[in-house]
Amino acid sequence: MAVAVAACATIPQHQIPIQEVTSWKLVAIEGEFAPDATMISWPRVNDDFQAKEKERLPAGVVEDSGFKRRRLAYAQAELTERLRHTMEPVRASLTTGQRPVKIAVVVEKLVVPSLAQSILLGAAMALVVGPVAAQQKSEMVARATVTDARTGAVLLAYPQRFVQLPSGDKLLSIGDDDRYAKDAVGLMLRTYAKDFGKWLLKQT
């Protein structure tokens, strides 16, 4: 099973007492792409969106004026869905508090090779540099904030993190029944959410 790996740089522990953190109630989790994102390449979601657009647009029309806006909204909805799924352990730890908070994750870079790239280019490169070096990697850079859901005040800021997966989307998943077990972005977010949860809840 491919495992996503986060950059090993140490993130300083935040200074809010754990008693205060556990007095929060997580009411919203949202994902978005930074306006100045350096690179966003998510073939699975792009292909799904293109298929939906073909059903919606008149015959012969490839794009209309709202195409890019709808594509971004669709990708952000898919990102948020995966975030909410992978952040479930964090949500479960913050259900009984009184202060409502929101977690927002901003993705600054997301690169996922398509299945075709992984299979065809990987096979070609393997002949030259070997099977390990030829792997097509997925990469994500993201940061997060915890804000007061009522006032919008920032309570905590989780610094930029780099996460890498040594593959793209998978055809099969063995021994993992998670619904995103074959999804490269879901797997990277799983690692991101785990590290974020440990940092937020001051777990070792």
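**Overall build and the H2–H3 contact**

Of the 204 residues in the chain, 43% count as buried in this predicted model. The accessible surface amounts to about 11400 Å², and carbon and sulfur atoms contribute 56% of that area. Among contacts in the chain with a separation of 6 or more, 77% join residues 24 or more positions apart.

The secondary structure consists of 6 helices and 6 strands. Followed from the N terminus, these elements are arranged in the order β-α-β-β-α-α-α-β-α-β-β-α.

A closer look at one helix pair is worthwhile here. Helix H2 spans residues 43-56 and helix H3 spans residues 67-86; their axes come within 10 Å and cross at roughly 130 degrees. An angle over 145 degrees would count as roughly antiparallel, and one of 65 to 115 as roughly perpendicular; H2 and H3 are therefore oblique to each other. The crossing of H2 past H3 is right-handed.

On the H2 side, the contact is made by Arg44, Val45, Asn46, Asp48, Phe49, Gln50, Lys52, Glu53 and Arg56. Their counterparts in H3 are Phe67, Arg70, Arg71, Tyr74, Ala75, Glu78 and Arg82. Sorted by class, the residues in this contact of H2 with H3 comprise 9 charged, 5 nonpolar and 2 polar ones. The charged class includes Arg44, Asp48, Lys52, Glu53 and Arg56 from H2, together with Arg70, Arg71, Glu78 and Arg82 from H3. Among the nonpolar residues are Val45 and Phe49 of H2 and Phe67, Tyr74 and Ala75 of H3, while Asn46 and Gln50, in H2, belong to the polar class.

Methods: Residues numbered from 1 in each chain as written. Predicted model: local features only at pLDDT ≥ 70, side-chain atom pairs only at ≥ 80, totals over all residues. Heavy atoms only, no water. Axes fitted to C-alpha atoms, helices over the stretch in contact; angles between N-to-C directions. Helix = DSSP H or I, 4+ residues; strand = E, 2+ residues; numbered from the N terminus. Parallel < 35°, antiparallel > 145°, perpendicular 65-115°, else oblique. Left-handed = near helix turned anticlockwise from the far one by under 90°. Contact = heavy atoms within 4.5 Å. Buried < 20%, exposed > 50% of the residue type's maximum accessible area, 1.4 Å probe, protein only. Areas by Shrake-Rupley, 256 points an atom, 1.4 Å probe, with all protein chains shown as cover.
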